[in-house]
Amino acid sequence: MATAAAQRTARTPADGAPDTVDMAAYQHAFDAAVAADERIEPRDWMPDAYRATLVRQIAQHAHSEIIGMQPEANWITRAPSLRRKAILMAKVQDEAGHGLYLYSAAETLGTGRDELLDKLHSGRQKYSSIFNYPTLTWADVGAIGWLVDGAAITNQVPLCRCSYGPYARAMVRICKEESFHQRQGYELLLALSKGTPEQHAMAQDAVDRWWWPSLMMFGPPDDASQHSAQSMEWKIKRHSNDELRQRFVDICVPQAESLGLTFPDPDLRWNEERGHHDFGPIDWTEFWEVLKGNGPCNEQRITQRRRAHDEGAWVREAAAAYAAKHTGSTGETAHETGETGAERA
Amino acid sequence: MTAALALGDDALVLSHRLGEWAGHAPVLEEEVALANIALDLLGQARVLLSMAGDEDELAYLREERAFRNLQLVEQPNGDFAHTIARQLYFSTYQQLLYAELAAGGGPFAPLAAKAVKEVTYHRDHAEQWTLRLGDGTETSHERMRDACAALWKFTGEMFQPVEGLDADWTGLDQRWQESVEDVLGRATLPLPEGPRTGAWSAGTGRQGLHTESFGRMLAEMQHLHRSHPGASW
């Protein structure tokens, strides 16, 4: 039990009246559990701010999975071979599954999927800025697999050791599937790069468009990242944005070479002294604009998501009504959906 | 081989239609389920088309008039009820047919034996949703009733004999009707009235005569492949 110490400490006050409990003891036990690299579990005491940060981060992660289905689903009906079509369908299906894991993980913190979706639809919670870029050619599907999923994995592998147990366990499952997607994306680009001159050009163009947005996935530079320090202290985060970004660049450069493709960065070069690749400045203005909602597809992505949800309301209401009739109880879902129905009526 | 094309095209075209749902489903669980069914069907299509030739050539380089799929499977998705009605009609047919082919020991027996497990899941999914929508709210009942009625005229074609498939078509048709009537009854839905085939829809998909939306679907599906002749992907 991860925070058995916290549990024991929390139970120490014998009179049971919550307002007499010494909050400092809870806090101390929590801090000790985190320091000892133990996992915090749903029923353990945790600071309100820790809970709020996790809800925000896990929900936005879940939202990214489901919004992230759109740019790739854009190519399902046009995939150029049946094998590629099957791979792409399986990938988009996995993303829906990742969304489900992550909403479940968020729910262990006392929130509901409906509430989180509502926050997404109303713009009160965000999703990864990368999915506000359009998929303009088939090669974009490969660039997303290789670079976007590659960046996601670089970010997410350390989350497998995150201090919050349910999130860490979701990440273990997700990272396995993501690594598979990333290899498939690489392999797709390799086929294009070694294909006809038109296919090669398509691959290069896609990499040119996705490279910088992929580097932005690691978030703002360390000196402008508002949540970083606290998240690292809580061991939600294990490395800084800039560290992870550097690690990603170092991984990608040799891969690009073996693909026979280049990155659109004249400043990219090996730095013997640092033992890392130097790279050019990121356009943070673009990053903040996309984050604010002014990217190429922000409006389109959220509109499609809302439309799918709204147009599906009658289906969810039907399922709830059927369940209520056939189990003899209204149940929580039926109740909630019933309210939605009343609002819409 | 006509039979492999007929069965392969059914699976290919329905898979494509279900793939159009990705990112548009009413609930996240259905994103998973519809994609899952689409993938199963695509897997079947690849085996079947490979029995008849090169899967990609057959999928991407044939014109509309050379496709042998049922008109039912090419029907646009419509709302969720239309998609479910199409799934109910087709998966019931496919399960009955594949069970028979699996038992028959002909060239399609190995594929059918594997596919019948998938198709049993598809049928269960369609039945469960038919019950929920039919016996859910007033709105869902109406939508499901309308969808079942709208697709009814495409159901007769499923039981036109296909050359090269050794099946008891009359018996299949009868068992299909009994099964569908049973599900609709439990879903409080009426059995649609009217003919199950029309002058245009009776067995014509199998002969390469399709409905108008099909050409547009193929244009989208084939565009990229056709734009790069001879390329590999």
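Here are some questions and answers about a predicted two-letter set of chains, A and B, starting with the ground rules.

Reader: What kind of model is this, and what pLDDT do local features need?

Author: Residues are numbered from 1 along each chain as its sequence is written, while chains are lettered from A and ligands numbered from 1 in the order in which they are written. Side-chain values use heavy atoms, with hydrogens and water left out, and this is a predicted model where totals for chains, interfaces and linings use all residues, side-chain atom pairs count only at pLDDT 80 or more, and local features need pLDDT of at least 70.

Reader: How many helices and strands are there in chain A?

Author: Helices here are DSSP runs of H or I with at least four residues, strands are E runs of at least two, and both are numbered from the N terminus. On that count, chain A has 15 helices and two strands.

Reader: What share of the residues of chain A counts as buried?

Author: Buried means under 20% relative accessible area, exposed means over 50%, and partly exposed is in between, with a 1.4 Å probe and protein chains only. Chain A has 345 residues, and the buried share is 53%.

Reader: How much area does chain A expose, and what do carbon and sulfur atoms supply?

Author: The areas come from the Shrake-Rupley method with a 1.4 Å probe, and for residues only the protein chains shown count as cover. Chain A exposes about 15300 Å², and the carbon and sulfur part of that is 53%.

Reader: Among contacts in chain A between residues at least 6 apart in sequence, what percentage joins residues at least 24 apart?

Author: Contact means heavy atoms within 4.5 Å. With pairs at least 6 apart in sequence as the pool, the part joining residues at least 24 apart is 76%.

Reader: Which side chain makes a polar contact with the side chain of A:R84?

Author: A:R84 sits in helix α5 of chain A, residues 82-107, and counts as buried because its relative accessibility is 3%. Its contacts beyond four places in sequence include A:W138, A:Q184 and, from the other chain letter, B:W233. A polar contact is a pair of N or O atoms within 3.5 Å; within protein, one must be able to donate a hydrogen and the other to accept it, and residues adjacent in sequence count only if both atoms are side-chain atoms. At 3.0 Å, the partner is A:E187.

Reader: Where does B:Q44 sit, and which side chain does its own side chain join in a polar contact?

Author: B:Q44 belongs to helix α2 of chain B, residues 28-52, and is buried because its relative accessibility is 2%. Leaving aside neighbours within four places, its contacts include B:A11, B:Y98 and B:H122. The polar contact between side chains spans 3.0 Å and goes to B:E118.

Reader: At which residue does α6(B) bend?

Author: Helix α6 of chain B (109-134) has 26 residues and reaches 35 Å from first C-alpha to last, close to the 38 Å expected at 1.5 Å a residue. That expected span is 1.5 Å times one less than the number of residues. A bend is the angle between axes fitted to the seven residues ending at a residue and the seven starting there. The bend of about 35° falls at B:V116.

Reader: Is A:G165 buried or exposed, and which residues does A:G165 touch?

Author: A:G165 is found in helix α8 of chain A, residues 165-193. A:G165 is buried, since its relative accessible area is 0%. Not counting residues up to four places away, it touches A:R39, A:I40 and A:E41.Reader: Why is A:C252 too far from the closest cysteine sulfur for a bond?

Author: A disulfide is a pair of cysteine sulfur atoms within 2.5 Å, and a search of the whole structure finds zero of them over all chains. A:C252 is buried at 1% relative accessible area. The closest cysteine sulfur to that of A:C252 is in A:C175, too far for a bond because the separation is 16 Å.

Reader: What phi does A:D37 have?

Author: A:D37 is in the loop between α2 (23-35) and α3 (48-67) of chain A, and is partly exposed at 46% relative accessible area. Although A:D37 is not a glycine, its phi is positive, at about 60°.
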